Amino acid sequence: MTNIISVCFMFEGWLGSDRMDKVSAKDMDRFKTYLMTEYITRNGKHFSKSTAIAKLVGLKRYFAFLLENKAIPTDPTRNLEIPKKKVEL
């Protein structure tokens, strides 16, 4: 399970700001691309698709929390499309 707090810190570091009220949908799309294709882990590999999805879901929950508590005026993840996990039988 992905730790939402660590994902938030990762996002803030990538963004270069802790101003979540200034995050746009475009920022979220760029971060999604970063997670899915560019980020390299400590062992020199990319995240698996399921790990990247879990991190994006964590960010969606975080922004929903901020919106619910009126810390941000709009949710930049509202229209963020998260890839589906491949289900294997």
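## Overall form

The radius of gyration used here is taken over C-alpha atoms, and the globule rule sets the expected value at 2.2 Å times the number of residues to the power 0.38. In this predicted model, the protein chain has a radius of gyration of 13 Å, which agrees with the value near 12 Å that a compact globule of 89 residues would have. The C-alpha trace spans about 40 × 30 × 20 Å along its principal axes.

The protein chain contains three helices and zero strands, in the order α-α-α along the sequence. Of its 89 residues, 31% count as buried, and residues 24 or more positions apart account for 55% of the contacts with a separation of 6 or more.

## The nonpolar core

The largest nonpolar core has 20 residues, and those with the most contacts inside it are Phe11, Met20, Met28, Leu35, Leu59 and Phe63. Two or more residues come from each of helix H1 (4-15), helix H2 (25-38) and helix H3 (49-68), with H3 giving the most, at seven residues.

Once neighbours within four places in sequence are left aside, Phe11 is in contact with Met20, Val23, Met28, Phe31, Leu59 and Phe63.

## Helix H1

H1 has 12 residues and reaches 16 Å from its first C-alpha to its last, close to the 16 Å expected. Its buried residues are Val7, Cys8, Met10, Phe11 and Glu12, and their cover includes H2 and H3.

At the N-terminal end of H1, Asn3 acts as a cap, with a side-chain oxygen 2.9 Å from the backbone nitrogen of Ile5, whereas just after H1 Gly16 takes a positive phi of about 80°.

How values were computed:
Residues numbered from 1 in each chain as written. Predicted model: local features only at pLDDT ≥ 70, side-chain atom pairs only at ≥ 80, totals over all residues. Heavy atoms only, no water. Core = buried A, V, L, I, M, F, W, Y, C linked by side-chain atoms within 4.5 Å. Buried < 20%, exposed > 50% of the residue type's maximum accessible area, 1.4 Å probe, protein only. Helix = DSSP H or I, 4+ residues; strand = E, 2+ residues; numbered from the N terminus. Contact = heavy atoms within 4.5 Å. Expected span 1.5 Å × (residues − 1). Polar contact = N/O pair within 3.5 Å; in protein donor to acceptor, adjacent residues only side chain to side chain.
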